[in-house]
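Biologist: I'm new to this one. Could you walk me through it and tell me what the terms rest on?

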Amino acid sequence: MRKQVDIEQTMAIIDKIKKDLYHREDLVIRPITVNDQTVYFIYLTNTVELKSEDLQVFFIRLLVEKKRAKETGLLQACLQLGPSEKQQTPHDYLNTILNHQLLVVYDEAVRVNIGKNFHRAIGEVKTQEVVRGPREAFTESVVVNQAMLRERLKNKQLMFQSLTLGTETGTDVKVVYLAGVCKKEHLDDVLKRLKEAQIAAVLESHYLETLLETKVKTVFPTVYNTERPDVIAAGLLEGRIAVIVDGTPFVLLVPCLLFDFIQSSEDYYQRSDIASAIRMLRVLSLFIALLTPAVFIALTLFHQEVIPTALLVSLAAQREGIPFPALLEVLLMEITFELLREAGVRLPSAVGSAVSIVGALVLGQAAVEAGIVSNAMVIIVSITAISNFVFPSYDLAISIRLLRFVFILLASLFGLVGITLGLVLLVHHLTTLDSIGVSYLTGIAPYDETAHADLWVRKRLDKRQHLFTIRHVFKRDKVRKGV
Amino acid sequence: MKKVCIKLVLLILLLPLLTSCYSQTELNDMMIATAIGVDKSTTGYEVTLQVLNPSEVAGTSGKTTQPGISCYSESGETFFHAIRRLTHVTPRKIFLGHIRFVLFSEGVSQDGIIEPLDFLMRDHEMRSDFALLVSKDISAKKVLEVLSPIEQIPANKIINGLSASEDFYGPSLEVELEEFYQHYLSGGIEPVMNGITVLGNSESGKEMTSLEQTTPKAVLKVKYIALFKKDMFIGWLNETESLGFNYLINEIDNTVIVVMTETGAYTFEVTKAETKIELVKPPASFNVVTTLNVTLGEAPTGFVKGKEGINQLTSLVEAKVGDYMSSCVDRLQEEQTDNVGFGQVVNRKAPSVWKVVEEEWETLFPTITVDYQVDVEMTHNGQLSDDESEDEG
C-alpha cells in the first residue's frame, strides 16, 4: 500500500523536474535501485560526484530508517552524503539543481550540498596594493568571501543575511553587518533597496551599487567597493554594511564618505605620523589632479601678470612656434594620455610595454621636438597623471579625471574666475550628496570633531578614543524636499 | 534640475561683477615689455618700449645671435596715445603686466609727469609694483637701448643693481609707482625718484659687439636721488646728500662709513640704522635721532686702542652721519622742497598746528631748524683676539 504512494509521489516530482528542464542536456537523472527501492539522484553533469562507498552507506542507512518507518528516513540517509535539507516546492527543486547541488528524490525530495566549487583559490590583491598589510583578496565565491570575513571578525554579532537577486541569474547576495554597531535605519534602507528592486541580472557588484547609490546625478562614487577583506572588516566595525555578491571579488560597503576614497588600509598599518603625512599628500594630489591643467591655462591665457617674469619668459619661449592655442594643446595632451592609459589597461600585459614606449617616446619627446606641444605642457600633463594615480581608489580617480576636463573648459572661458566658480559649484554639489542617508562630507559638513582624528590625519591608534563611527544619519530626501 | 539651472545661471550672471582680466591672450600672441621710456617729442611724448625676445632669453633651441631685447619707439599726443600708436611698429600685442620700471628723461620730468603716471595708475593690466626712474644727462630711449652683459634683460640689470646699491651701500632708493603717487598727493612730503645713466658710448652700447669684450662699450649706472616738487623734477642730490636722505627717511639697511683720523682712514660697516624725526617745537624745530650699530670693517693700524680709541672713532662716525643728514636738509631747504616729509611729522604730531601752516609750508620749510643726535654703538671690532689692544692700552 505504501509502496504505491511512494512511486506516485516520486514520479510526480521527477516529471515536474523533467518538464521544467526538458531542454537541458546536462541534466542527469540517475535512478539506483536497491532491494526494489528506487532512489533518483538528480544533478547537472560534472557538478556532483557520487562515490560508490558513499552510496553504499546511503542505502544501508535508508533501509535501516525504512524499517524504523520514520518520516525523516530519506533526510537521515542523505545526511550520510553531506549537509542536507528538505525541499518542498518545485521551485526549490529547480533551485537546488541549478545551484550545482544534488537533489535526491525518493518519497520526497532532499537537497544535498555536495556540489563542487568551480572558483579559483584565494589570490593576491590586485587593485589596492599595500607595502605592509594582508595580501589576500576576496574571490568570486560568496562562500569563500563569507569565510574570510568570519576569520577576521570572530564576533557573535557578525550577521549575514542571504538574498537571491536577479530574476534571470539567481545570484547569491549576502548583506553583512555587525548587529549592535550598525544603525538599524541603514540596514533597513539597504535591505529595502535590494529587495524592492526588480533586477533581471546581477553579474557584478556594480549591478547592486546602482541600487544603493543616491538618486542625485553625480560623477562621485557614493558606494565603496574593495577586494580587500581587511577594509571590509574595518568598515563593519565602524558600523557600515557590506554586500557580498557571488561571482565578483569586489564587495560593496555603505555608507561611504568622500574621505574613504583617499584613505588606504595601509594608513592603519603604518606609524601614525607617516600615515598622516601621506594622507595630506593625497589631499594635495586630489587638488593637483583636479586643477593643474586648468590653473595653467588660466594663468597663461588670462593672468600673465601673476607668473614670475622669468617663468613667463621661459613659458613664452616654449610657446614660440606652437601652432595650436593653449586650450587645444592641453586637450590634445590630456586626451592622448587618457588613450594611452585606457590602452594600457585593456591590452594583454605582453603588449603593454609597447604602449608605454610609444607613449613616452613618440608622443612625449617627438611631439615636443616637432613643436606641436610645449615642454611645459608635457610636464603639466605628467604631474596631473601621476597625481591621479595616487588615490587608493580607482572610483574617485576616474571621477576626478572627468571633472578635470570641466575645469579646463571653465578656465579657458573665464580664467581663475571660472575655476573659482567651478570649485564653488563642486563644493555645493558635494554637500548635496549622501550615501544611504549619511552626508558625503561627514566630518567636515556636518562638522564632527571626533571624526577629525581620522580624516586628514590619523591619530595614534591607542590615542583614539573610540573607533570612528558613523554617527549622523540624515534623511537627505526629506531635507531636499523640504526646501 | 530646473533649480540647478537657475543657480548656474545666477552664478554666471555674477561673473561680470568680478573685476578681473577678461580677455584671453595666448603667450605667443603677445610681447612682454620690461621697461617703458618716456621722452619729450614735438607733438607730446615719445614712448620707448623695451620688449623681450623670449626665445633668445630662455629658449633652449633656435638661439641666434640676436639680442634678448628689442626696442620700439613711437610718439603721440599723450602717453596713452603714444603707447597705442606703438602698435604701428610692434609685431604683436603689447603686454605691460611685467614692466620693471618706467624711465623718464630729465626733460619730460621737468615739465611734470602726472599725465603718464595717471595712465599707469588707471590701466588695469599693470601691476603697480614697478619702479620709477629718471635718466640723467641722456634720453630715456638711449638708456633702454643699451645692452648689458650677464643679465640678458637690461631692465632686470637696472632693478637688481638698484636694489643692490640700496641694500648694501645706500645712496639709491627704489621708488615704486604707488609710493610716488602717495607722496605726490599727500601734503607735507614731496616725491623722489632714483636716477640712472649710461657710462660710455650709448650708441655702440646698442650693438651686440659691445658685449663681445670684457668691458662693454656702454654700462648702465645707477645714480643718486632725483628731487621732485609735485610732479616736476627740480634737481639731483649728490652722493653724500643721497646717503643723508636715506638716513633721514630710515631706508639705510647696510652701508659703510669712512672716517679720517691722524693714523689713516677707518671704515665702518653699518649693520643697523634707525632714525626717528621728533618734533621739538611745532612747527619749525625738529630733532633727528639716529641710532647706528656698526662694526669695524677696515683699520689702518690693524687694531684699535682700547675703549677710548673706540669711543673716539664712534664719535667721528656720529659726526659724519650728522653731516650727511644736515647736508641733505640744507640742500632741500635751498630747493624749497620737503622731500623727507618734515611736514608730515608736524601733521602727525601736532595736527592742529599743521592745519594752520599747511598752506604756507613751502615757504616755512626753508626756515626750519633741525638738530641731529646720532648714537653709534660698535657691536664688533672685528679683531680675532684683544691681546694687542690690551698691551698697547
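Biologist: What makes you call Leu416(A), Val417(A), Gly418(A), Ile419(A) and Gly422(A) in H15(A) buried?

Modeller: A residue is buried if 20 or more other C-beta atoms, placed from the backbone, lie within 10 Å of its own, so these five names in H15(A) earn the word. This is a predicted model: local features need pLDDT of at least 70, side-chain atom pairs need 80 or more, and totals for chains, interfaces and linings use all residues. Residues are numbered from 1 along each chain as its sequence is written, with chains lettered from A and ligands numbered from 1 in written order.

Biologist: What covers the buried residues of H15(A)?

Modeller: The cover includes helix H9 (272-301) and helix H14 (394-414) of chain A.

Biologist: Why is H15 of chain A, residues 416-432, called a helix?

Modeller: Helices are DSSP runs of H or I with at least four residues, numbered from the N terminus. H15 of chain A has 17 residues, so it qualifies.

Biologist: And how do you know that its reach is close to what is expected?

Modeller: The expected span is 1.5 Å times one less than the number of residues. That gives 24 Å for H15 of chain A, and the first C-alpha to the last also reaches 24 Å.

Biologist: How do you know that chain B is in contact with chain A?

Modeller: Contact means C-beta atoms, placed from the backbone, within 7 Å. By that rule 21 residues of chain B are in contact with 22 residues of chain A. Helix H2 (residues 54-57) of chain B gives the largest share of chain B's side, three residues.

Biologist: What are the domains of chain B?

Modeller: An automatic or database assignment sets the bounds, giving domain 1 (29-236) and domain 2 (241-392) of chain B. Their centres, over C-alpha atoms, are 32 Å apart.

Key. Contact = placed C-beta atoms within 7 Å. Helix = DSSP H or I, 4+ residues; strand = E, 2+ residues; numbered from the N terminus. Buried ≥ 20, exposed ≤ 12 C-beta atoms within 10 Å, placed from the backbone.
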